[in-house]
Amino acid sequence: MPSFHPVLLRWLKQLAGMLAVARVLEEDHGAASLYGGISLGELAALRASGAITTEFVVKFLHERHLQDVDREEAIGFAFVPASQDWRYYEQPERMTVSCDYGPVLGGAGRMIMVSGLRSALESARTEGPADLQVVDRALAHQAYHSPFREPGRQRLESLLKRSTLERPATPVVTSIPGRYTVSSGAEAADALVASETQPLDVPGLVEASRSHAPGRAYVISSFLRQLEIDFHAPTEYVDDVWLERKFGRTSP
């Protein structure tokens, strides 16, 4: 039996929840015309579209979460006011912007995820232009979508060369620059490898989804609800409030 890091188990639980909600939505509203996702959501979208299997997702995440080096890595989130320079966090030897959520809250500022050395992120809490919330080790023990993940990228590339990914039955959009739309197994594999070390671009995902002109967007995330991102379609957020309204109060 392989050993599973607690963070990996949490990710698997989150992914299972996304897929369960997607099934409920399709039972209520019919088949989706488009799937999309950010980071773990990209894997969920590819799984829901039929491009990858659940077994592959577990193998992929297990490989991603193997410890590559002894250095202490971390991620953090910052809302950078429009008047400040969010590029401060692009310091390749120490930290990088690993996910750009774009302008949020009506343009009041930009939400970013930062990945890098834990010591660098801790210093940036007081030295940077914004309040950087560094995620606890128990919730995230690595950098993500960052050049720091090169050993993992090589390992995942090897895994994908031994695997066959299917053509998505439903179009998939991602936040991976240059790979915003995935329409074949080969494109899905390429996107998953690139995602390991390349920063994510949420505005790119939004524009890619806009080209498909969805009639309605269901966003499975309480975090994205808070950002008030314009998905250019009537949007319903699927979070704890939605779950309670749909199924009643659930136990913690």
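This is a short walk through one predicted model, taking confidence, the sheet, the nonpolar cores, the salt bridges and two backbone angles in turn.

Let me start with confidence, since everything that follows rests on a prediction. The chain has a mean pLDDT of 92, and 96% of its residues reach 70 or more. If we go element by element, helix α9, residues 240-247, has the lowest mean value, at 78, while strand β8, residues 200-201, has the highest, at 98.

Now to the sheet. Five strands, in the order β5-β2-β4-β3-β8, form an open sheet, and their pairing is mixed. Which strands stand at the edges? They are β5 and β8, each of which has a single partner strand, so one side of each is left without a neighbour in the sheet. Helix α7 packs on this sheet, where it touches β3, residues 95-104, and also β8, and the direction of the helix makes about 45° with that of β3.

Strand β2, residues 73-81, deserves a moment of its own, and I will take its two pairings one after the other. With β4, residues 109-117, it runs antiparallel, and 9 bridges join the two. With β5, residues 132-134, strand β2 again runs antiparallel, this time through 3 bridges. If you would like to find a residue that shows both pairings, please look at G76, whose bridge partner in β4 is V114 and which stands opposite V134 in β5. A78 likewise has a residue facing it in β5, namely L132. As a general reminder, strands of a sheet pair through backbone hydrogen bonds, either parallel or antiparallel.

From the sheet I move to the nonpolar interior. The largest nonpolar core has 53 residues, and those with the most contacts inside it are F60 and Y101. Which helix gives the most to this core? It is α6, residues 185-197, with 6 residues. Apart from that core lies another one, of 15 residues, among them V80, W86, Y89 and L121. The general background here is that nonpolar side chains tend to be buried together in soluble globular proteins.

Y101 is a useful place to centre the view. Leaving aside residues up to four places away in sequence, Y101 touches I38, F77, M111, I112, M113, V202, P203, F223, L224, L227 and I229. Some of these contacts can be placed on elements already mentioned: F77 falls within the span of β2, residues 73-81, and M111, I112 and M113 fall within that of β4, residues 109-117.

Next come the charged pairs. The structure holds 17 salt bridges, and I will show three of them. In the first, the side chains of K59 and E55 meet at 3.7 Å, N to O. Both residues lie in helix α3, residues 54-64, and they are 4 residues apart, about one turn of the helix. K59 is partly exposed, with a relative accessible area of 45%, whereas E55 counts as exposed, at 55%.

The second pair is R64 with E196, a salt bridge whose closest N and O atoms are 3.0 Å apart. What does this pair tie together? R64 lies in helix α3 and E196 in helix α6, so the pair ties together parts that are 132 residues apart in sequence. R64 is buried, and E196 is buried as well.

The third pair is R71 with E73, for which the closest N and O atoms are 2.5 Å apart. R71 is partly exposed, with a relative accessible area of 32%, while E73 is buried, at 4%. The second and third pairs also belong together, since R64, R71, E73, R149 and E196 are linked in a network of salt bridges.

I will finish with two backbone angles. Which residues other than glycine have a positive phi here? I picked out A213, with phi near 50°, and H232, with phi near 60°. A213 sits in the loop between α7, residues 202-210, and β9, residues 217-219, and it is exposed, with a relative accessible area of 61%. H232 sits in the loop between α8, residues 222-227, and β10, residues 235-237, and it is partly exposed, with a relative accessible area of 35%.

Conventions
Residues numbered from 1 in each chain as written. Predicted model: local features only at pLDDT ≥ 70, side-chain atom pairs only at ≥ 80, totals over all residues. Heavy atoms only, no water. Core = buried A, V, L, I, M, F, W, Y, C linked by side-chain atoms within 4.5 Å. Buried < 20%, exposed > 50% of the residue type's maximum accessible area, 1.4 Å probe, protein only. Contact = heavy atoms within 4.5 Å. Salt bridge = Lys/Arg side-chain N within 4 Å of Asp/Glu carboxyl O. pLDDT = per-residue confidence, 0-100. Pairing = 2+ DSSP bridges. Axes fitted to C-alpha atoms, helices over the stretch in contact; angles between N-to-C directions.
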